[in-house]
Structures are given as C-alpha cells and as structure tokens.
Amino acid sequence: MTGAGAAHPATLGVILAGGLARRMGGGDKPMRTVAGRPILDHVVERIAPQCDGLVLNANGDPARFAAWGLPVVADTVEDYPGPLAGILAALEWAAEHRPDIEWVASAPGDCPFLPRDLVARLHEARDAAGVPLAVATSGEQAHPVVGLWPVGLRHDLRQALVEEGLRRVDRWTARHGVAAVAWPALPVDPFFNANTVEDLAEAERLAASLPA
C-alpha cells in the first residue's frame with residue numbers, strides 16, 4: 001500500500017531532470033515557470049501523493065534543487081547516456097536506501113500536467129498483462145520514460161547500458177515485456193512537455209484552461 005492509500009505495491013517516484021534545455025538557451029527545464037510556479041512544483045504536486053518516496057535524478061550541483069527538499073540522485077553511468085541512466089540511478093538508490101520498495105515510477109521533470117492516477121494505472125496494466133514493465137501513451141504517442149520499473153531488473157539494465165551501450169528505452173523494455181497504458185490527449189495531454197519557448201507559452205494557455 002502506498003502513502004496515498006492505493007492498493008498497489010509500494011513505489012518510489014523519480015523525476016528525471018537530467019537534460020539541459022538547449023532549445024530554451026540552456027539551464028534546467030524544470031526550473032522554468034508555468035502559471036507562476038516552476039514546472040517542477042507542478043510535477044512534484046502531482047506525483048508525490050502517488051508514491052512512497054520521491055527522488056530527483058539530476059547531474060551537476062545538487063544545491064540548485066535544495067528548495068524542493070528531495071534527495072538528488074546523479075547518474076551512475078558516465079557520459080550522460082540518456083534517460084535510462086536516470087532510471088538506473090533511481091533503481092540503485094532504491095535498492096540501497098529503500099529496500100522495502102520493489103518498484104520505481106519515472107516521469108520527466110518538464111511535464112506539468114501529469115495524471116494523478118499514473119502509478120495506479122501503470123501497476124494495474126503490468127499486473128493484468130503479467131509483465132514486469134509498464135509505460136504511458138497518449139493519443140498515438142508512446143512516452144517511454146513515463147513508466148514503471150522493477151528494482152530487481154537494475155543489474156540487467158546496468159549491463160545493457162555499460163556493456164552493450166544500449167540507449168533506447170524501448171529496445172530494453174521490449175526484452176522483458178511491457179504493458180502500454182493509454183490516457184486521452186484531450187482536452188490536455190497529461191504528458192505535454194515544455195521543450196521550447198513556444199511550448200512554454202502553450203503550457204501557460206493549457207494551465208489556464210484547467211479547473212483550479
């Protein structure tokens with residue numbers, strides 16, 4: 001049972017904030033503001049109640065995230081190989097610091113409209129399908145870094161990253177079996193992410209359209 005009282009296994013949440021906002025002139029995308037608050041505020045507000053703990057995956061000086069009071073977990077694989085490295089870092093952190101937790105749910109740090117039933121539905125789908133992994137989709141688009149990952153696969157993931165040089169999330173998940181969970185993309189895509197200045201303007205418009 002989670003702290004939110006949902007009938008699914010204890011789950012650690014990880015917010016993936018390792019990417020640099022090159023299309024916005026650099027810096028941390030989760031620090032950009034939407035509706036008067038950093039995007040990271042929106043992400044934390046939505047995912048934290050669904051989890052039994054929350055960490056932030058980010059590289060560089062962790063002090064810049066001090067205001068959120070979350071453990072900051074850096075990649076444990078060199079050369080910034082992408083989101084799989086952040087997921088691996090969270091799996092390894094969970095094994096060391098939260099051995100009572102066997103699952104990690106991941107979400108990008110630049111998605112301010114994440115669904116409030118994300119973790120529950122991912123668990124339902126992977127349980128019904130009898131597979132160890134689950135990822136989110138909306139509309140016709142898959143979101144491979146919005147997913148559910150068993151801590152027990154951390155050694156396999158490390159081998160894939162370090163020894164095989166694997167980088168594509170979907171290539172690794174396909175090896176183990178993955179359930180896809182669909183959310184409607186209208187009126188607001190819950191996995192809308194702010195990659196560009198234009199996206200930020202659109203995020204402002206979408207945020208204003210949501211009920212308070």
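**Exercise 1. Aromatic rings and the charges over them**

Establish how many aromatic pairs the structure holds, and describe the packing around Trp 183.

Solution. The structure holds 4 aromatic pairs, where rings of Phe, Tyr and Trp (its six-membered ring) pair if their centres lie within 6.5 Å, planes under 30 degrees apart counting as stacked, over 60 as edge-to-face and the rest as tilted. Before going further, note that this is a predicted model, in which local features need pLDDT of at least 70 and side-chain atom pairs count only at pLDDT 80 or more, whereas totals for chains, interfaces and linings use all residues. Residues are numbered from 1 along each chain as its sequence is written, and side-chain values use heavy atoms, with hydrogens and water left out.

Take next the rings of Trp 183 and Phe 191: their centres are 5.4 Å apart and their planes stand at 80°, so this pair is edge-to-face. Both Trp 183 and Phe 191 are buried (buried means under 20% relative accessible area, exposed over 50%, and partly exposed in between, with a 1.4 Å probe and protein chains only).

Finally, consider the charges. Arg 121 lies over the face of Trp 183, at 4.5 Å from the ring centre, and Arg 126 lies over the face of Trp 103, at 4.0 Å from the ring centre; a charge sits over a ring if NZ of Lys or CZ of Arg is within 6 Å of the ring centre and within 35 degrees of the ring normal.

**Exercise 2. The sheet and strand β1**

Work out the strand order of the open sheet, and then place β1 among its partners and the helices that lie across it.

Solution. Begin with the terms: helices (H or I, at least four residues) and strands (E, at least two) are DSSP runs, numbered from the N terminus, and two strands pair if DSSP finds at least two bridges between them. The open sheet has 7 strands in the order β5-β4-β1-β6-β8-β7-β9, with mixed pairing. Its edge strands, each pairing on one side only, are β5 (72–73) and β9 (178–183).

Now turn to β1 (residues 11–16), which runs parallel to β6 (residues 103–108) over 6 bridges, with Ala 107 of β6 as the bridge partner of Ile 15. β1 is also joined to β4 (residues 54–57) by 4 bridges, again in parallel, and here Val 14 has Val 55 as its bridge partner.

As for burial, 6 of the 6 residues of β1 are buried: Thr 11, Gly 13 and Ile 15 line one side, while Leu 12, Val 14 and Leu 16 line the other.

The last step concerns the helices. Helix α1 (residues 39–47) lies across β1, β4 and β6 and runs at about 165° to β1, whereas helix α2 (residues 83–97) lies across β1, β4, β5, β6 and β8 and runs at about 145° to β1. Contact here means heavy atoms within 4.5 Å; axes are lines fitted to C-alpha atoms, for helices over the stretch in contact, and angles run from 0 to 180 degrees between N-to-C directions.

**Exercise 3. Strand β7 and its hairpin**

Determine in which sense β7 pairs with β8 and with β9, and describe the turn of the hairpin.

Solution. β7 (residues 133–138) and β8 (residues 141–150) pair in the antiparallel sense over 5 bridges; Ser 138 stands opposite Gln 141, and Ala 134 stands opposite Leu 148. The two strands form a hairpin with 2 residues between them, and Gly 139 in the turn has a positive phi of about 60°.

With β9, by contrast, β7 pairs in the parallel sense over 6 bridges, Leu 133 having Val 178 as its bridge partner. Of the residues of β7, 6 of 6 are buried, with Leu 133, Val 135 and Thr 137 on one side and Ala 134, Ala 136 and Ser 138 on the other.

**Exercise 4. Backbone geometry in two loops**

Locate Pro 187 and Ala 35, and state the backbone feature of each.

Solution. Most residues other than glycine have a negative phi, and most peptide bonds are trans. Pro 187 lies in the loop between β9 and α6 (197–209), and a cis peptide bond, with omega about 0°, joins Leu 186 to Pro 187. Ala 35, in the loop between β2 (33–34) and β3 (37–38), has a positive phi of about 55° although it is not a glycine. At 44% relative accessibility, Ala 35 counts as partly exposed.
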